Amino acid sequence: MASDETSGKDLTPADSSSVEHVTAAAGTAVVARDAVANPGFPPHRPRVTDLDPRAEKRAERTVYTLFYLSIVGSVFAIAAYMIFPIVPEDPGSVRLNNLFIGIGLALALLALGIGAVHWGKALMHDEEGIDERHPVRGSDETRARAVEIFQEANTESGFGRRTLIRNSLIGALVVFPLPAVVLFRGLAPQDQDPVALLKQTMWEKGTRLALDPSGSPIKASDVTLGSSFAVIPEGLQDLEHGRLEEKAKSAVILVRMKPEDLIQSPERESWSYDGIVAYSKICTHVGCPVGLYEQQTHHLLCPCHQSQFDVADHAKVIFGPAKRPLPQLPIAVDEEGYLIAQSDFLEPVGPSFWERQ
Amino acid sequence: MKPAETKKSGGFTGAAANYLDERTSISTAVKELGRKIFPDHWSFLLGEVALYSFVIILLSGSFLTFFFQASMAEVHYDGSYVPLKGVEMSVAMASSLDISFDVRGGLLMRQVHHWAALLFVASIGLHMLRIYFTGAFRKPRELNWVIGFVLFILAMAEGFTGYSLPDDLLSGNGLRIIDGMVKGIPVVGTWISFLLFGGEFPGTDIVGRLYSLHILLLPAIIVALIALHLLFVVVHKHTQYPGAGRTNNNVVGYPVLPVYAAKAGGFFFIVFGVVMLLASFFTINPIWNYGPYDPSPVSAGTQPDWYIGFADGALRLIPPGLEWVWLGHTWSFNILIPLVGLGLFIGVVLLYPFLEAWVTGDKREHHILDRPRNAPTRTAIGAAGVTFYAGLWAAASSDIIATHFKLTMEGVIHTLQAVVILGPFIAFYITKRVCLALQKKDREIVLHGYESGRIVRLPGGEYIEVHQPVDEYERWKLVSYADYKPLELTPNAQGKVSPIQRVRAGLSRWFFEDRIAPVGTKELEESHGDHH
């Protein structure tokens, strides 16, 4: 086909290309001296379609039927586009639109593809061809000429001789991208210090605890035993700018349990109110919201990487990759009975960062 | 050249071809490539699937860009999807919903894009495994392995950036995890996060920035590297499996025109058709169920797209408590160990061709593929790597595994930790033994034939199974591999053996010590008459 059959007899062993490779017995093949010889190509086996004209005719029919079927699929897809429009506020219509355009297109594509492959496999000339391989490296002549070209270029330009020009050129090329790198400083605002920002949240003395997402303040009496709430600082929803950024730091989970179940260190005894405790909802591992509260065990689970925190015991880590407990928000109750923060968190919330300590 | 004379009567086609050739010399390309031979094997299709799914991604992605708006400005959703009406969300999320619910065929294209992306990364991964286990990365193809590896990384980067664009709850949590990981990097982490997000997380810049990467920079690099990758395939000519008549100096198969034009061209449409079927019948990434990004809520059972799983799993499997304050700074080893560990892992993948070439000292060109069993140590290393990856990957679904099979969270994590640490060693040992056993079986078949299933009772009453000899073409597949011997320690010119040589010899011994030699002619002759 593409080349003659002679290369079939070309039974050079696998390492024939390693002419220059004499030094290393290292790991080279131990070609057994009595290696079995390559028997050459097996006799060609004709296909059914080569032998039986009826089979050939059948294959031909299959191929053009598939191509016509593909046309049908394409037309069907266009028709489906019109027959199954999207009706506003009817999700069912979206499904039908998706399904029928898709089925039409899939039929068009699959029939076309299968038809072409079947044509190639069953009807096209089936005898394998042979190409010869040559070593990938250029011939010695080509390589010598390449070296020569570089030498000529070097002589003619004086690149190697005029070292001052060469070195200053290299210097200029190294330095010229640096301004571009500096420009990327502009990716972040100039007037903000990330470390300072990471160390503060919206909570401050007297901020009321509000429900997420409604933003209505929470009365201590509304927090029933065993319940948990997602909490945001009051006023967060009214922020014009930076609402999500503030929420990403100040989201809190509020839990009420029996005061006798609560283990509290002496310095934190005043941070809770009648068994109500508030902890940062942002995982100290990589910052996912710690959302899943298990009432019976007082465990909080982070659904991203399964860190578990014990709310009854300072939200300490009891399992998983997180190291630090969730920071606790000191809370109290104002004169109207609403829960308020005593202050901001006393440590940065969320994942660790280099300058945290 | 005298064009007037070369022009032949060929009707319109001839005239058009002549017009084109006189301006482009296209006939040279047709002459060089038109009858180029490619060998045939199902495993060679894996790379084709990758290429075609990329084309599908480009087509469907171009459609999506006409509708998607990469802005994080807040709007109140006012589209067709009733449950989210009036909900505050970013323009990116709202336009993604519009593509899904207000553009005819928009959801289909979104799903085609997403399914094709999942297939793209998967087929690259399988293609790499095929290359690895058959030794196709050996000289002269090491650099093409590197290009392919970079493409694999870029494909995952494309996947992740695209996944993040709709700005839904799930993708926002994914970005938050990235932010948390970046912040854990010593010295520069805080600032990288700050620069990446344009201030504090989540900011209003990230979607626009990822969009530039996703539709411009990354695809441009991928297209260029794919072109280079394929150019090298042409330069090297495709590898082939061992077979009768096939040598290191030829390539046996079918020509580009017409057979591969039909088969490969047809295969593109088949891949496209399968993706289209998936997109028609199976929902992928239903962002309308997740809602817009909000830093506080989260749903249980969050999963990244499959190809990010190994990284997410690494984060989950890290043992508790690995974070300390030292020298006044926070060292987050619970993040650094996964980062560095995965970096080392993919570093070994990247460098493997060079490592193996150094250990074996093999400097010859290889165009005949190894059957995996004939390179037992390499195959075993590959199995160990796959086991390591699979353990991490499974860990990304640790919670799903726990709830689905009613296991404890802790039990699943501890088991997978054991899988990741011990599994590779077990996999290495078992795989190597299996390879050697298969080689022994090959020898057995060559020397004594295969079991015919025909039982014969001998006059003495004894039953035997008749063994049939294999024909010489089948036999060639079983005996045509090289037998390597370990590197021997040889002193250099100064009569010394350098420590590096010692390491190399040790590794070489480890690589080649256990081996089964291929059957030679002498053995073959001796075994004749032995078939019954």
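I noted first that the radius of gyration is taken over C-alpha atoms, and that the globule rule is 2.2 Å times the number of residues to the power 0.38. For chain A, I found 38 Å, while a compact globule of 357 residues would have a radius of gyration near 21 Å.

This is a predicted model, in which local features need pLDDT of at least 70, side-chain atom pairs count only at pLDDT 80 or more, and totals for chains, interfaces and linings use all residues. Residues are numbered from 1 along each chain as its sequence is written, and chains are lettered from A and ligands numbered from 1 in the order in which they are written.

Chain A, overall. I looked up the extent of the C-alpha trace of chain A, which is about 100 × 75 × 50 Å along its principal axes. I found eight helices and twelve strands in chain A (DSSP runs, H or I of at least four residues for helices and E of at least two for strands, numbered from the N terminus). I looked up burial too: 34% of the 357 residues in chain A are buried (20 or more other C-beta atoms within 10 Å of the residue's own, with C-beta atoms placed from the backbone).

Chain A, annotation. In UniProt, an unreviewed entry gives "domain: Rieske" for residues 249-340 of chain A. I found this span to be 2% helix and 33% strand, with its end C-alpha atoms 17 Å apart.

Chain B. The UniProt record, also unreviewed, lists "transmembrane region" for several spans of chain B, including 145-165 and 211-235. I found residues 145-165 of chain B to be 95% helix and 0% strand, with end C-alpha atoms 30 Å apart. Residues 211-235 of chain B are 100% helix and 0% strand, and their end C-alpha atoms lie 35 Å apart. I kept in mind that UniProt positions are given in the numbering used here, that feature names are shortened, and that annotations may be inferred rather than shown by experiment.

Methods. Buried ≥ 20, exposed ≤ 12 C-beta atoms within 10 Å, placed from the backbone.
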